[in-house]
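Work through the exercises below with the sequence and the coordinates side by side, and attempt each task before reading its solution.

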Amino acid sequence: MATIFSRIVKGEIPSYKIAEDDRFYAFMDINPLAKGHTLVIPKAETDYIFDIPDNDLGDMMVFAGKIAKAIRKTIPCQRIGVTVIGLEVPHAHIHLIPINSIYDMDFSKPKLKLSPEEFEEIRTAIVAALD
Ligand code: 5GP
């Protein structure tokens, strides 16, 4: 069965898309730790990130870097934290999270509740900041 993220890539489930190319897709996390929290995934379904073929894994990080730079231009923060957890959705994904302290990467914290308008406003600003 297709993962929820594959269904997002296919457009069967809506997402706040930041960017895509032929192999990767970036979209806003629906339960963000911070405004701008974004997920980067490979379009090809792979559960565990280190099972992604080496070339794709490297290119995924380069793709994520472009997104991270745009998030950093948009959301005031010290830097973009990068993490991979993958305990909830069995489709490899990189979390990109605007942070000012190590505690901003604490996934046990309550998540933000953003309105559709807030998601869309942040999404549009990040997209506009992409090189
Ligand atoms: P993890 O697998 O890294 O532990 O967590 C999965 C992440 O995906 C969580 O941060 C969760 O909020 C996010 N997520 C789960 N389902 C959806 C969804 O349907 N849409 C979006 N945009 N994010 C999701």
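**Exercise 1.** Determine which pocket holds the ligand, and describe the shell around the ligand by residue class and by the elements that supply it.

*Solution.* In this predicted model, the space taken by the ligand is the largest pocket. The next step is to list the neighbours: 16 residues surround the ligand, and Met 28, Asp 29, Glu 88, His 93 and His 95 come nearest. Sorted by class, the shell consists of 10 nonpolar, 4 polar and 2 charged residues. Turning to the elements, α1 (4-10) and β2 (24-28) each supply at least two residues of the shell, and α1 gives the most, with 3 residues.

**Exercise 2.** Find polar contacts of the ligand, using a cut-off of 3.5 Å between N or O atoms, and state how much of the ligand's area the protein buries.

*Solution.* Begin with the side chain of His 95, where an N or O atom is 2.8 Å from an oxygen atom of the ligand. Continue with the backbone: a polar backbone atom of Val 89 is 3.0 Å from an oxygen atom of the ligand, whereas a backbone N or O atom of Ile 30 lies 3.4 Å from a nitrogen atom of the ligand. For the area, the ligand taken alone exposes 520 Å², of which the protein buries 89%.

**Exercise 3.** Count the aromatic pairs, and explain why the pair of Tyr 16 and Phe 119 ties together separate parts of the sequence.

*Solution.* With ring centres required to lie within 6.5 Å, the count comes to 5 aromatic pairs. Tyr 16 and Phe 119 form a stacked pair, with 4.8 Å centre to centre and 15° between the planes. Because Tyr 16 lies in the loop between α1 and β1 (17-20) while Phe 119 belongs to helix α3 (residues 116-129), the pair ties together parts that are 103 residues apart in sequence.

Methods:
Residues numbered from 1 in each chain as written. Predicted model: local features only at pLDDT ≥ 70, side-chain atom pairs only at ≥ 80, totals over all residues. Heavy atoms only, no water. Near = heavy atom within 4 Å. Polar contact = N/O pair within 3.5 Å; in protein donor to acceptor, adjacent residues only side chain to side chain. Areas by Shrake-Rupley, 256 points an atom, 1.4 Å probe, with all protein chains shown as cover. 1 Å grid on protein atoms, 1.4 Å probe; cavity = no way out; pocket = protein on both sides within 12 Å on 5 of 7 lines; lining within 4 Å. Sits in = over half its atoms within 2 Å of the grid points. Helix = DSSP H or I, 4+ residues; strand = E, 2+ residues; numbered from the N terminus. Nonpolar A, V, L, I, M, F, W, Y, C, P; charged D, E, K, R; others polar. Phe/Tyr/Trp six-rings, centres within 6.5 Å; stacked < 30°, edge-to-face > 60°.
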